[in-house]
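Subject: A structure for you to explore

Hello,

Here is the structure I promised to pass on to you. Have a look at it first, and then read my notes below with the model open beside them.

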Amino acid sequence: MRKKPHTQVEQRLERLKAGARKAGVKLTHQRLEIFRELAAAEDHPDADALFRATQRRVPTVSVDTIYRTLWMLQELGLINTLGPDRGGVRFDANLEPHHHYLCLRCGLVRDFESADLSAIRLPEAVNALGSVADAHVEVRGVCAACRAGEAMGRAPRPTTGKRSTT
Ligand SMILES: [Zn+2]
Ligand SMILES: [Zn+2]
């Protein structure tokens with residue numbers, strides 16, 4: 001997983017810890033390590049990616065613990081979820097107003113900020129649909145890495161039949 005700059009990670013971690021403590025959640029070693037991975041992740045990981053990252057430092061952690069911790073944090077309003085999109089729900093420890101860039105090829109998700117987009121005025125019609133907790137813009141496209149891969153050309157696919165070369 002891509003990692004955030006240190007100070008921002010510490011801030012997010014402190015916020016998760018403070019929120020959990022306030023809700024009476026015991027800060028076990030495993031939970032703290034999951035919080036730490038989540039706070040450091042820049043790529044909106046899904047539960048599986050978080051499991052693999054946490055397991056490197058806490059070999060005894062289970063997928064079940066990861067899921068329970070994530071949904072606990074989500075219920076406490078300490079993290080957000082994205083999707084459900086392809087590949088399942090993803091988790092976001094960034095609660096500052098921000099927007100998302102999503103790659104349609106590889107599923108990469110990155111945050112970006114825009115005062116203009118954050119000040120967006122929703123049409124009246126939205127109120128008729130229900131209450132609004134937050135709104136953000138999702139920009140979709142093909143990321144730079146995927147485009148670079150395309151430019152280099154795909155590796156030739158193995159074929160069962162024989163093909164003559166020109
Ligand atoms: Zn991509
Ligand atoms: Zn985000």
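**Starting from one leucine**

L70 is a good place to begin, and you will find this residue in helix α4. Please keep in mind throughout that this is a predicted model. L70 counts as buried because it has 21 C-beta neighbours inside 10 Å, and the cut-off for that label is 20 or more. If you set aside the neighbours within four places in sequence, L70 is in contact with A47 and F91. Try finding F91 on screen: L70 and F91 are 21 residues apart in sequence, while their C-alpha atoms are 7.8 Å apart in space.

**The protein as a whole**

Now zoom out. The protein has 7 helices and 5 strands. Reading from the N terminus, the order of the elements is α-α-α-α-β-β-β-β-α-α-β-α. Of the 166 residues, 18% are buried. Among contacts with a separation of 6 or more, 55% are between residues 24 or more positions apart.

**Two pairs of helices**

Two packed helices are described by the angle between their axes and the distance between the axes. Let us take the pair that includes our leucine.

Helix α3 covers residues 47-55 and helix α4 covers residues 63-75; they pack at an angle of about 120°, with 9 Å between their axes. This angle makes α3 oblique to α4. The crossing of α3 and α4 is right-handed. Which residues of α3 and α4 meet? From α3 they are A47, L50, F51 and T54, and from α4 they are V63, I66, Y67 and L70. Sorted by class, this contact has 7 nonpolar residues, 1 polar residue and no charged ones.

You may like to check the spacing of those residues along each helix. An α-helix has 3.6 residues a turn, so residues three or four places apart point the same way.

In α3, the buried residues are L50, F51, A53 and T54. What do the buried residues of α3 pack against? They pack against α2 and α4.

The other pair is α1 (residues 6-22) with α2 (residues 29-40), which pack at about 135° with their axes 8 Å apart. That angle makes α1 oblique to α2. The crossing of α1 and α2 is right-handed. On the α1 side, V9, R12, L13, L16 and K17 take part, and they meet F35, R36, A39 and A40 in α2. The contact of α1 with α2 divides into 6 nonpolar residues, no polar ones and 3 charged ones.

**A histidine in a loop**

Next, go to the loop between α2 and α3, where you will find H44. H44 has a positive phi of about 50°, although it is not a glycine. Is H44 buried or exposed? H44 counts as buried because it has 25 C-beta neighbours inside 10 Å.

**The sheet**

Strands of a sheet pair through backbone hydrogen bonds, either parallel or antiparallel. Here 3 strands form an open sheet in the order β4-β3-β5, and the pairing is mixed. The edge strands are β4 and β5 (138-141), each of which pairs on one side only. From one strand to the next, the twist averages 25°.

Look at the β4 side to begin with. Strand β3 (residues 99-103) and strand β4 (residues 109-112) pair in the antiparallel sense over 4 bridges. H99 has F112 as its bridge partner in β4, and L102 stands opposite V109 in β4. β3 and β4 form a hairpin with 5 residues between them, and G107 in the turn has a positive phi of about 80°.

On the β5 side, β3 and β5 run parallel and are joined by 4 bridges. The bridge partner of L102 in β5 is R140, while C103 stands opposite G141 in β5. L102 is therefore a handy residue to click on, with V109 opposite in β4 and R140 as bridge partner in β5.

While you are there, look at where the side chains go. In a regular strand the side chains alternate between the two faces of the sheet.

Enjoy exploring, and write back with any questions.

Best wishes

Terms used
Residues are numbered from 1 along each chain as its sequence is written. Chains are lettered from A and ligands numbered from 1 in the order in which they are written. This is a predicted model: local features need pLDDT of at least 70, side-chain atom pairs count only at pLDDT 80 or more; totals for chains, interfaces and linings use all residues. Two strands pair if DSSP finds at least two bridges between them. Helices (H or I, at least four residues) and strands (E, at least two) are DSSP runs, numbered from the N terminus. Axes are lines fitted to C-alpha atoms, for helices over the stretch in contact, and angles run from 0 to 180 degrees between N-to-C directions. Angles under 35 degrees count as roughly parallel, over 145 as roughly antiparallel, 65 to 115 as roughly perpendicular and the rest as oblique. A crossing is left-handed if the near helix is turned anticlockwise from the far one by less than a right angle, and right-handed if clockwise. Two residues are in contact if their C-beta atoms, placed from the backbone, lie within 7 Å. Ala, Val, Leu, Ile, Met, Phe, Trp, Tyr, Cys and Pro count as nonpolar, Asp, Glu, Lys and Arg as charged, and the others, Gly among them, as polar. A residue is buried if 20 or more other C-beta atoms lie within 10 Å of its own, exposed if 12 or fewer, and partly exposed in between; C-beta atoms are placed from the backbone.
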